[in-house]
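Visitor: Before we begin, could you take me through this structure slowly and tell me what stands behind each term you use?
Guide: Gladly; let us have it in front of us first.

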Amino acid sequence: MSSRFLSDEVPLNINFVDTEEQVLELWKEIKAFETSTKLSKGRKHYSFYDGPPFATGLPHYGHILAGTIKDVVTRYAYQTGHHVTRRFGWDCHGLPVEHEIDKLHNIKSPADVLNMGITKYNDACRSIVSRYAKEWEDVVNRFGRWIDFENDYKTMYPSFMESVWWVFKQVFDKGLVYRSFRVMPFSTACTTPLSNFETGQNYKDIVDPSIIIRFVDSEDENISYLAWTTTPWTLPSNMALVVNPDKIYVKIRDKNLKMYVLMESRVSHVFKSPFEIVDKFPGSALVGKSYIPLFKYFSGFENAFKIYADPYVTDATGTGIVHSAPAFGEDDLRVCQNNHVVSNDRQLPCPIDVSGNFIDPVTDFKGMNFKDANPLIISNLKERKLLFGHSNITHSYPFCWRSDTPIMYRAVPSWFIKVENIVTDLLKNNKKSTWIPEYVRSKRFHNWLENARDWNVSRNRYWGTPIPLWVNDDFSEIICVGSIDELSQLSGVKVTDLHRENIDNIKIKSKTGQGYLHRTSEVFDCWFESGSMPYAQIHYPFENNDLFESYFPADFVAEGIDQTRGWFYTLLVISTCLFNETPFKNVVVSGLVLSSDGEKMSKRKKNYPDPLDMVNKYGADCIRAYLINSPVVNGENLNFKESGLSSLLKELFLPWFNAFRFFSQYRCVYEKKNSKFMFDPKNLEKLDSLLDVWMLSYSQSFIRDFRDEMSKYRLYNLVPNLQAYVDTLTKWYIRMNRLNLKGDAGNQLTSLTVLYKCLLDFAISAAPVTPFICEYYFQHLKKYLTDCSDEVGKSVHFQMIPQVESKFIFLDLERTFVNFRHVVELCRKIRERNNLPMKHPLSRVIVVHPEASFHEGMKLLEEYLLEDINVKEIVYTTDHTCHGLSLAIEPNYRLLGKRLGKNLKDIISEINSFSQEKLLESLKEGVINIRSELITAEEVHIFYKIDNDKKAGNIDVCTLKELAVLLDTKPNSELEDEGIARDFVNKIQRLRKKAKLNPTDDIIISYSILKSESEADLQRFSRVLLNNKAKIEDIIKRPIIQEFGDSLNSSDKVIASETFDLAKNTFSLSLINPS
């Protein structure tokens, strides 16, 4: 075992990064992950699906966040008695890989791929899919995530691809697959159509031309139909004009006697010069009128270059007349098909190739990129006096998510799944799962499903799972193949790899006597593959059928909020098609991790710290806790700030270590006088100290709440609960119980046993969140257990989350301590604003609360309360009008006025007439009921005020709801002397800590008064130290001497020395080694 954990010694300070490296060595030494899997065999299965990332880039904070969420949940599942299969997966196919190869080999078009050869092209893709796999494994391991890389799944494995074929065949056999010409978002850089949810991933604001064109009537050239477009590049393919049949259109005459037709409601937006309305008519009156084609490229189409009507035309923009290019618009294609301008059995008028360049017959712009052609097309129209208006428009436009180039909408033949047919089932299955946050399921995802479109699952690419459809030339015969064996039976060819280069040439004999069928050339959208991973990762249904039954649907999945239109969606669509079932039971949706200023993290801008730099500075536990402790695990965005890591280190990890070190120190103190400390639960059966009873109860309540939050996947509550626990343990229990824990009072063994149990249970419980530091603490703490030597005892991550021991829970006592803390904190606030240190005693405090039970609880803890707030007397009263106190109410007029309207005046009048008793009742209840209106605490502020004329002398007040604390802030000389003695002790303890001494180290404390502001100050300081010498020595457990000249032996060694100022005196303190 790593030497770090063999010694009982705990260092004074801890290097969290170095400690984590030591823990990684330990895990490697004991094969922790592999051992955990072996130990959990036979337990109930807990399943989760790991969405596969691409390994063509390095992991970023988004990946680290998702990995942390998955690791926290699956570690907890393991520690609550489950067997958890944790396999890493890789998305290997698709545009991210192909785009890299295209850039590397300067591939611009499909012809370039064919010239290279599909075999060589796919070999090149295969060679880079694991380019960063080692770096991924290193980063994932360094952040403490336990997952199996050796037994990973890859979407390019033949077994995975075969299961994808099986999935598709099930969908096909249910009649949910069809081929159609559809206008789809199309990436010209990647030469393939994209799905609707891919298109939504990358919108940008761009400037495009906004032009109005004259379409000249074919019978009267003095009449022009005005149409507006922001896509001039589609005009060479214009086949029709479309109007709204029910809207009113006008014919107007300008000052040059030219006639123009447009929608009446758009005239004022288009015409700025004088005009005359000649005629008005509905849009339906224009149907059938013909016009002269802008360009002659496609003049052979029957029924073209006419006006048609359709309700999709609106009066929101433009002229109310829409130019229609059926190859480049969904509504354009539909209208032209409905009016027999184009049909499925004839080539569409599409003069742009898959790379986005003009081709024949558009000879004027041949070879030009469609966007680059815009200025030339506009110039052409202007020269021919067909350009009526020209400006620019800024609008949001989709870009390819992979190549970052503008998307073109174009009609392409594609294979679709009939998602619209199963929308009702999708919505039903969506209700079967629990989402964090819930609104993502019930609103965002629900709305997306409600408006789901048929899914284009085909891509005109090469590196992917081939679509297993064999067809004849006119697609009248289609065979869907669902396995390698089926392909072999149908073709007589046995293959082991299903990529295109291995199966494209395989023929299947027609069952209808039409010769041989060939495979359709497309491959699957890689989202279809990742959506099939629940089945394909275990080669279902070809093997592992029992395993599949045990883990479908998944208990849990987690990804970013963008996956509502991605992986979450495809998982649900496919599982609904296959089994009409949800694929997951619980979903945690995370937001985006942004730079500190709220922008998207960018390598180019370098606007975020490198994750590995941060882990080497703060440790992985700190980053994990920071991410989990943010709105990002509740579907909101996180602005990543390094200061957040620094704060968490100070507020959680350092106090936690100090508590652990405190136990280790005073365990040593105990063992010097007694036998070796070992944890014995019997020592918890009879607890004399209320502090011990309370802390043990609080600890069990923490375990109960931790289990509850984890069972409901509310990860965002975990770290606040951890921080609250550490805060309670260190700032309250250890501080208030230090005499017992040090052995200066009470039963030291009992208190050490309570502290030990709290630290051990906390380390085991928090292990899923902060796996490294919990392992470190467990390796030290397990030495004091009598039954922790077997294999299960080798790691904290093999332990079960502690069960709640209800016999230790006393909720009334916990509530009493909450009240206790409130009183102390209010007193501290008064001291702070009066510049009165806590070490300086005051005479009395008056605690005001209407409930007698509150005061009974405070009296039970009075000895601790006197010590903690450092007063000599506590007065309890239920009179909330004592010492000039009274309750007042202040309405929030803005909030109330917005809600109550004309009733505001009457309700405010009634509120202002409340008696003190009514105000107190309202304060306790938190709401006011007036005339059936519930007024909340946000809408009215009820508070204590004090009448300075009635209060006694130096009384100051601080309040919290119905609790008021009145503190007499005037110190007397006796109390001031006591405060000086406390300050002196504090400075000794600070010097001991600075010198890195343990409580058991044998030292003498020497002091020497160097100077004083006056003789009276010197006399007073000397008197205070002399009178309190016995008390001071009792606290520090070491002798104290005043140094006069040569009073120290020459052999005495000064360990540390420092000069301090106190009570208008300057003195030196020295820590002396007498040996």
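**Reading the terms against the values**

Guide: Strand E37 (residues 1004–1012) and strand E40 (residues 1065–1073) run antiparallel and are joined by eight bridges, and I should add at once that the model is a predicted one.

Visitor: What makes E37 and E40 a pair of strands?
Guide: Two strands pair if there are at least two bridges between them, and E37 and E40 are joined by eight, so by that cut-off they count as paired. To take one position, Tyr 1007 has Leu 1069 in E40 as its bridge partner.

Visitor: Which sheet do these strands belong to, and in what order do its strands lie?
Guide: The sheet is open and has four strands in the order E38-E37-E40-E39, with mixed pairing.

Visitor: Why are E38 and E39 said to stand at the edges?
Guide: Strand E38 (1040–1042) and strand E39 (1053–1062) each have a single partner strand, so one side of each is left without a neighbour in the sheet. On average, and with direction ignored, neighbouring strands of this sheet are turned by 25° against each other. Helix H36 (residues 1015–1027) lies across E37, E39 and E40, and runs at about 165° to E37.

Visitor: Where does the domain assignment place its boundaries?
Guide: The assignment gives domain 1 as 193–412, domain 2 as 819–968 and domain 3 as 973–1073. Taken over C-alpha atoms, the centres of domain 1 and domain 2 are separated by 71 Å.

Visitor: How do you know that Arg 1020 and Asp 977 form a salt bridge?
Guide: The cut-off is a side-chain nitrogen within 4 Å of a carboxyl oxygen, and for Arg 1020 and Asp 977 the N to O distance is 2.9 Å, so the pair meets the definition. The two residues lie in distant parts of the chain, Arg 1020 in helix H36 and Asp 977 in helix H35 (residues 973–994), 43 residues apart.

Visitor: Why is Asp 977 called buried?
Guide: Buried means under 20% relative accessible area, and because Asp 977 has a relative accessibility of 15%, it counts as buried. Arg 1020, with a relative accessible area of 25%, is partly exposed.

Visitor: What joins Arg 738, Glu 867, Lys 872, Glu 978 and Arg 982 into one network?
Guide: These five residues are joined by salt bridges that share partners, and the structure holds 62 salt bridges.

Visitor: What makes Lys 134 exposed?
Guide: The cut-off for exposed is over 50%, and Lys 134 has a relative accessible area of 53%, so it is called exposed. Its salt-bridge partner, at 2.9 Å from N to O, is Asp 138, which at 38% is partly exposed. Lys 134 and Asp 138 both lie in helix H7 (residues 133–142), four residues apart, or about one turn of the helix.

Visitor: Are Asp 525 and Arg 459 buried or exposed?
Guide: Both Asp 525 and Arg 459 are buried, and they form a salt bridge whose closest N and O atoms are 3.3 Å apart.

Visitor: How do you know that Arg 707 has no salt bridge?
Guide: The nearest side chain of opposite charge, that of Asp 761, is 10 Å away from Arg 707, whereas a salt bridge has to fall within 4 Å. Arg 707 is nevertheless buried, and its place is in helix H24 (residues 690–711). Leaving aside neighbours within four places in sequence, Arg 707 is in contact with Tyr 76, Thr 80, Ile 801, Pro 802, Gln 803 and Val 804.

Methods. Residues are numbered from 1 along each chain as its sequence is written. This is a predicted model: local features need pLDDT of at least 70, side-chain atom pairs count only at pLDDT 80 or more; totals for chains, interfaces and linings use all residues. Side-chain values use heavy atoms; hydrogens and water are left out. Buried means under 20% relative accessible area, exposed over 50%, partly exposed in between (1.4 Å probe, protein chains only). Lys and Arg count as positive and Asp and Glu as negative; His and the chain ends are not counted. Contact means heavy atoms within 4.5 Å. Axes are lines fitted to C-alpha atoms, for helices over the stretch in contact, and angles run from 0 to 180 degrees between N-to-C directions. Domain bounds come from an automatic or database domain assignment.
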